[in-house]
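Subject: Structure handover

Hello,

Here is the structure I said I would pass on. My notes follow below it.

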Amino acid sequence: MYKPNNIILRTTTSLIAFILLGFAIYLLLAGHNSPGGGFVGGLVTSASVILLYMAYGRETVNDMLPINFRSLIPVGLLIALLTGLGALLFGFPFLTHTFGSIHVPVFGDIELATAMLFDLGVYFTVLGSTITIILNIADDRKTTSS
């Protein structure tokens, strides 16, 4: 069976995936104050992981990242739902967000917002569903071409 020489793809993937993951974390953390958030951060992280799958293959990436991406979908939905329901406990409408700040000696004042928790739930949901869909499409293509 012919196996292509993909040394260039593997070499550049290591750097590109690292940059994409860093940018995804930035988008996730900055999303409740500026453009970005859980949806875009999840998509960028998915692009990074899919690039790893393309360069190294499923077995290698599953060994590197032993994550069941399908299980991230209900976890993310639960986090987002609980964040929205938390406002009801205090007599506010569903999905009403609040924020506050704490002082950390080295970092100074750090803002804590419930929107960040909601973004985290969206991030997990998008990451899990995107990778699950793409891997299922890749599996379907393998089985139909055989």
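What should the 21 residues of helix H4 span at 1.5 Å a residue, and how far apart are its end C-alpha atoms? Please keep in mind that this is a predicted model. H4 covers residues 69–89, and the rise of 1.5 Å a residue gives 30 Å. The end C-alpha atoms are 31 Å apart, which agrees with that figure.

H4 and what follows it

The buried residues of H4 are Phe 69, Leu 72, Gly 76, Ala 80, Thr 83, Gly 84 and Ala 87. An α-helix has 3.6 residues a turn, so residues three or four places apart point the same way. H4 also contributes to the surface. Leu 82 lies in this helix and has a relative accessible area of 51%; the limit for exposed is over 50%, so Leu 82 counts as exposed. Leu 88 is in H4 as well, but at 45% relative accessibility Leu 88 counts as partly exposed. Leaving aside neighbours within four places in sequence, Leu 88 is in contact with Pro 93 and Phe 94.

Leu 82 and Leu 88 belong to a nonpolar patch on the surface, together with Leu 78, Leu 81, Leu 85, Phe 94 and Leu 95. The patch has about 610 Å² of accessible area in total. In soluble globular proteins, nonpolar side chains tend to be buried together. I have nothing further to add on the patch.

Two backbone angles after H4 may be worth a look. Gly 91, just after the helix, takes a positive phi of about 80°. Leu 95, in the loop between H4 and strand E1 (99–104), has a phi near 65°, which is positive in a residue other than glycine. Most residues other than glycine have a negative phi. Leu 95 counts as partly exposed, at 34% relative accessibility.

The core

Which residues have the most contacts inside the largest nonpolar core? They are Val 49, Tyr 53, Phe 69, Leu 127 and Ile 131, in a core of 14 residues. At least two residues of this core come from each of H1, H2, H4 and helix H5 (114–145). H5 gives the largest share, five residues.

Leu 127 shows some of the packing. Apart from neighbours within four places in sequence, Leu 127 is in contact with Gly 42, Thr 45, Ser 46, Phe 69 and Leu 72. Two of these partners, Phe 69 and Leu 72, are among the buried residues of H4. Ser 46 sits in helix H2 (residues 38–56) and is buried at 2% relative accessibility. Not counting residues up to four places away in sequence, Ser 46 touches Val 126, Leu 127, Thr 130 and Ile 131.

The length of H2 was checked in the manner used for H4. Its 19 residues should span 27 Å at 1.5 Å a residue, and the end C-alpha atoms are 27 Å apart, which agrees. Just after H2, Gly 57 has a positive phi of about 95°.

The end of H1

Is Leu 28, in helix H1 (residues 7–30), buried or exposed? Its relative accessible area is 9%, so Leu 28 is buried. Beyond residues up to four places away in sequence, Leu 28 touches Gly 37, Gly 38, Met 116, Asp 119, Leu 120 and Tyr 123. Leu 28 and Tyr 123 are 95 residues apart along the chain, yet their C-alpha atoms are separated by 7.5 Å.

Gly 31 lies in the loop between H1 and H2 and counts as buried at 17% relative accessibility. Gly 31 is in contact with Gly 36, Gly 37 and Asp 119, leaving aside neighbours within four places in sequence. From Gly 31 to Asp 119 the C-alpha distance is 7.6 Å, with the two positions 88 residues apart in sequence numbering.

The salt bridge

How many salt bridges does the count come to? The count is one. It joins the side chains of Asp 139 and Arg 58, at 3.0 Å from N to O. The pair links distant parts of the chain, with Asp 139 in H5 and Arg 58 in helix H3 (residues 58–64), 81 residues apart. Asp 139 is partly exposed at 27% relative accessible area, and Arg 58 is partly exposed at 25%.

Regards

Notes: Residues numbered from 1 in each chain as written. Predicted model: local features only at pLDDT ≥ 70, side-chain atom pairs only at ≥ 80, totals over all residues. Heavy atoms only, no water. Helix = DSSP H or I, 4+ residues; strand = E, 2+ residues; numbered from the N terminus. Expected span 1.5 Å × (residues − 1). Buried < 20%, exposed > 50% of the residue type's maximum accessible area, 1.4 Å probe, protein only. Contact = heavy atoms within 4.5 Å. Patch = residues over 30% accessible without salt bridge, like charges linked within 9 Å, V, L, I, M, F, W, Y side chains within 5 Å. Areas by Shrake-Rupley, 256 points an atom, 1.4 Å probe, with all protein chains shown as cover. Salt bridge = Lys/Arg side-chain N within 4 Å of Asp/Glu carboxyl O. Core = buried A, V, L, I, M, F, W, Y, C linked by side-chain atoms within 4.5 Å.
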